[in-house]
Amino acid sequence: MSEKLGNNIKGIKDKNRALILKLIAINKNISRVDISRLTGLSKMGISNIVSELIRENMIEEKESYTNGGTVSEENGYIFGRPPIMLSISEKSPCICGMLIKRGLCEVIISDISGKIYDKVVYKYENEITEKELYDILINAFFQIKNKTNKDIIAIGISSIGPVNSKAGIILNPPFFYNIENVEITKMMEEGTSIPTFLINDANAAALAEKLYGIGNNYNNFVYLHIMNGIGAGFILEGQLYGGEIGQSGEIGHTSINFSGPKCICGNTGCLELYANIERMNENISELRHIYSSSILNEDRKFTWIEIIDAANSNDYFAIHILDDFCKYISYALVDVLNMLDISCIITGYDSNLDGDILEKMLIRHVSSSILYSKYRNIDIIRSKFLGDAPLIGAVAFISDLIFNLNIKI
Ligand SMILES: [Zn+2]
């Protein structure tokens, strides 16, 4: 009985410790008073855990002068002294985040608050083999680890899908040099002796937004991932919903036309057959004679970034082309929003310019078809990290495992 009670007390303390560490990591600077207000934990309990985390070099404290002037215990000020703010320590152990894409791998070392210490990028122009992919990742790991000289808690790999996240296997991503069934976590663990975890890129990006980006304010949202294909990551009740093998959110392979063409996935009329860069370029070449002053009025193929940047610069032709793309995406999005009763979408894609034209188009299309539209406000917001979200998500994935006590530190 007493042993059980002891276990329970230890379990509660571990949970409180993880919660306090999470609040410090995601808020960057936070006072003990703020932690007490947000958690309802006693000041004494917080003080004990904070002291322990400082002793272990996980966090550090410093006086903050940024808020200037106002003196109240409510704000963390105590009788005129600036508040003592807590943040993740420079000496804390770090996470290695890796992103596997077509054409390149990116590797970062970051602390659990998402602060990046270093980054390396390996491009591959030609086809690579499974062994070459492994060599790239292992070389990048040791290069960046030796340079930063940080202790590494775990490696998070964010990869193009499909993946079996739970088994740590990259399955058979289309157009990925015939690389398939790669037991990537096992290989990396053998090569580095560091625990390694795998997640698909859209799910990783959703976690990046949840922990370090604008998704922090939402308990439920869909991360819409527009890269070579279209994927999604679901944050439900504050947690990532990964699915049975970690491959949830395949919105690009939901059918929007049951009498449409056959897709490589075996289904017919998949969204990706209608919303893709090749189709955008076909539309451009067919219609460009109408828009003679458009910057897209050239006899060549355009990239996604060129089209989205032109649309955000108010190029009418680009806006027309992008609107067609958004119309198709909205068919699939409406199904998701209706089924899950979600009111927030965060969009992630590569872009050089600021602007929210894609989000405005999606809101217009979705609002005209969604159920109960009179009673729901749909927010569609551009990702804080844009094209970098899947890479930062590799770190967020490991942080999330730490905050949920699936990795002990
Ligand atoms: Zn398909």
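1. A good place to start in this predicted model is a pair of cysteines: C263 and C270 are both buried. Each of them gives its SG atom to the zinc ion, with C265 (SG) and H253 (ND1) completing the coordination at 2.0 to 2.3 Å.

2. The geometry of that zinc site is worth a look if you plan to set up metal parameters. The angles among the four donor atoms span 105 to 120°, and the site is tetrahedral. For reference, the ideal angle for four tetrahedral donors is 109.5 degrees. Along the chain, the zinc donors are spaced as H-x9-C-x1-C-x4-C.

3. Next, the internal space. There is one cavity of 30 Å³ or more, and the largest cavity holds about 40 Å³. Its lining is made up of Y274, N276, R279, M280, N283, I321, D324 and F325. Helices α8 (277–287) and α10 (316–340) are the elements that each supply two or more of these residues. By character, the lining of the largest cavity comprises four nonpolar, two polar and two charged residues.

4. Finally, a friendly pointer to strand β7, residues 152–159. This strand is mostly covered, with eight of its eight residues buried. β7 runs parallel to strand β4 (residues 94–100), and seven bridges join the two; in this pairing, A154 of β7 is the bridge partner of I95.

5. β7 also pairs with strand β10 (residues 196–200), again in the parallel sense, over five bridges. Here S159 has N200 of β10 as its bridge partner.

Notes. Residues numbered from 1 in each chain as written. Predicted model: local features only at pLDDT ≥ 70, side-chain atom pairs only at ≥ 80, totals over all residues. Heavy atoms only, no water. Donors = N, O, S within 2.8 Å, 3.2 Å for Na, K, Ca; no water. Tetrahedral: all angles 85-135°; square planar, octahedral: opposite > 155°, others 65-115°. Buried < 20%, exposed > 50% of the residue type's maximum accessible area, 1.4 Å probe, protein only. 1 Å grid on protein atoms, 1.4 Å probe; cavity = no way out; pocket = protein on both sides within 12 Å on 5 of 7 lines; lining within 4 Å. Points joined across faces, edges and corners; volume = space filled by probe spheres on them. Helix = DSSP H or I, 4+ residues; strand = E, 2+ residues; numbered from the N terminus. Nonpolar A, V, L, I, M, F, W, Y, C, P; charged D, E, K, R; others polar. Pairing = 2+ DSSP bridges.
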